[in-house]
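User: Hello! I am new to this structure and would love a close look at one part of it, with some of the surroundings for context.

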Amino acid sequence: SIGAMATVADIQSSPLLREFSGGLLPLACGRVASAPLRNQITIGGNVSHVLPWSDLPAVLMAMNAQFKIESKTRPSRIVEADSFFKKHPRTELKNDELVTRILLAEPRHEIVVSYKKVGKVAFDYAALSVAVVAEMAGGRVVSCRIALGSVKPLPKRVDLAEQVLINQIPNKSLVVRAAAMAFGGIEPSKDSRYSREYRKHLVKTWVSRCLEDAFGLQEEAR
């Protein structure tokens, strides 16, 4: 359970979170903007006032996070990430509501994770971010969540790519198939910096690389 006012820097340096779910959230927080901004940006603000290039929404979607929403006049409620980001959170939240906590469940199985952020320079807004969280049992993928950031106004899962991996033993060929499904399953929004064609190419390339990293297939890929 993470308080909404926790800064990105707080999360990046948290020993507890570095041991949780493969350290994915601190890893992603280390890629947010610059050190001065990481000391100001809060996790609650980053997910509530989400912009196309916001870094944490896609990561929290991949982690299947839940958001606790509270109000002085209404009962508190908990909303899962898939529902929270189905429309803009400013629409989801009523005028008197705030996100107060981000809730993350303990994985039930062995977990593998990866996060990649693509931009012109390290501090640039992302052209694409990819977050992968997969649970493994007996060498097979039990569950998998792949979330993309920056290609649409809100983070988006690529369900078809996830389905390719479920109940399978990961290998390079399987990763190529999943990346192809991600490529075919999303149409990037217009962006003044990059063409749609280029961003679709990024999706295919970096979903593949992110999955290779998560499943430890880099050597096989070479």
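Is Arg-74 buried or exposed, or something in between, and what is its relative accessible area? Please take your time and show me how its setting compares with other charged spots and with the interior.

Analyst: Happy to help! Please keep in mind that this is a predicted model.

Arg-74 is partly exposed, because its relative accessible area is 39%, and the buried class ends at 20% while the exposed class begins over 50%. Its charged partner is Asp-96: the two form a salt bridge in which the closest N and O atoms are 2.9 Å apart. Arg-74 sits in the loop between strand E2 (66-71) and strand E3 (77-80), and Asp-96 in the loop between helix H8 (89-92) and strand E4 (97-103), so their pairing ties together parts that are 22 residues apart in sequence. Asp-96 is itself partly exposed, with a relative accessible area of 31%. In general, side chains of opposite charge can pair when their charged atoms come close.

This bridge belongs to a set of 13 in the structure. For a contrast, look at Asp-191, which has two arginine partners to follow. With Arg-193 it forms a salt bridge at 3.2 Å, N to O. With Arg-199 the closest N and O atoms are 3.9 Å apart. Arg-193 is partly exposed at 29% relative accessibility, whereas Arg-199 and Asp-191 are both buried. For Asp-191 the relative accessible area is 19%, which is counted as buried because that class covers values under 20%. Elsewhere, Asp-82, Arg-145, Arg-157 and Glu-162 are joined into one network by salt bridges that share partners.

Arg-199 leads us on to helix H11, which covers residues 196-215. This helix has 20 residues and spans 28 Å from its first C-alpha to its last, close to the 28 Å expected at 1.5 Å a residue. Its buried residues include Arg-199, Leu-202, Val-203, Trp-206, Cys-210 and Phe-215. An α-helix has 3.6 residues a turn, so residues three or four places apart point the same way. His-201 is also in H11, but with a relative accessibility of 46% this histidine counts as partly exposed. His-201 and Phe-183 are 18 residues apart in sequence, and their C-alpha atoms are 7.3 Å apart in space. Just after the helix, Gly-216 takes a positive phi of about 65°.

Gly-216 is a glycine, but a positive phi also turns up at two serines. Ser-21 has a phi near 50° and lies in the loop between helix H2 (15-18) and helix H3 (24-29). Ser-150 has a positive phi of about 80°, and its place is the loop between strand E7 (140-149) and strand E8 (156-157). Ser-21 is buried, with a relative accessible area of 11%; Ser-150 is buried too, at 5%.

Now for the interior. In soluble globular proteins, nonpolar side chains tend to be buried together. Here the largest nonpolar core has 38 residues, and those with the most contacts inside it are Leu-25, Leu-60, Phe-67 and Ile-102. Helix H6 supplies the largest share of this core, six residues. A second, separate core of 33 residues includes Val-112, Met-136, Val-141 and Ile-186. Leu-60 is a good residue to click on: leaving aside neighbours within four places in sequence, its contacts include Leu-25, Ile-43, Val-47, Phe-67, Ile-102 and Leu-104.

Finally, a stop around helix H5 (residues 43-48), where Asn-46 has its place. Asn-46 is buried, with a relative accessible area of 11%. Not counting residues up to four places away in sequence, Asn-46 touches Ile-41, Ser-54, Asp-55, Leu-56 and Pro-57. Leu-51 is found in the loop between H5 and helix H6 (56-62), and this leucine is partly exposed, at 33% relative accessible area. Together with Trp-53 and Tyr-125, Leu-51 forms a nonpolar patch on the surface, with about 280 Å² of accessible area together.

To come back to your starting point, Arg-74 is partly exposed, and its salt-bridge partner is Asp-96.

Technical notes
Residues numbered from 1 in each chain as written. Predicted model: local features only at pLDDT ≥ 70, side-chain atom pairs only at ≥ 80, totals over all residues. Heavy atoms only, no water. Helix = DSSP H or I, 4+ residues; strand = E, 2+ residues; numbered from the N terminus. Buried < 20%, exposed > 50% of the residue type's maximum accessible area, 1.4 Å probe, protein only. Contact = heavy atoms within 4.5 Å. Patch = residues over 30% accessible without salt bridge, like charges linked within 9 Å, V, L, I, M, F, W, Y side chains within 5 Å. Areas by Shrake-Rupley, 256 points an atom, 1.4 Å probe, with all protein chains shown as cover. Salt bridge = Lys/Arg side-chain N within 4 Å of Asp/Glu carboxyl O. Expected span 1.5 Å × (residues − 1). Core = buried A, V, L, I, M, F, W, Y, C linked by side-chain atoms within 4.5 Å.
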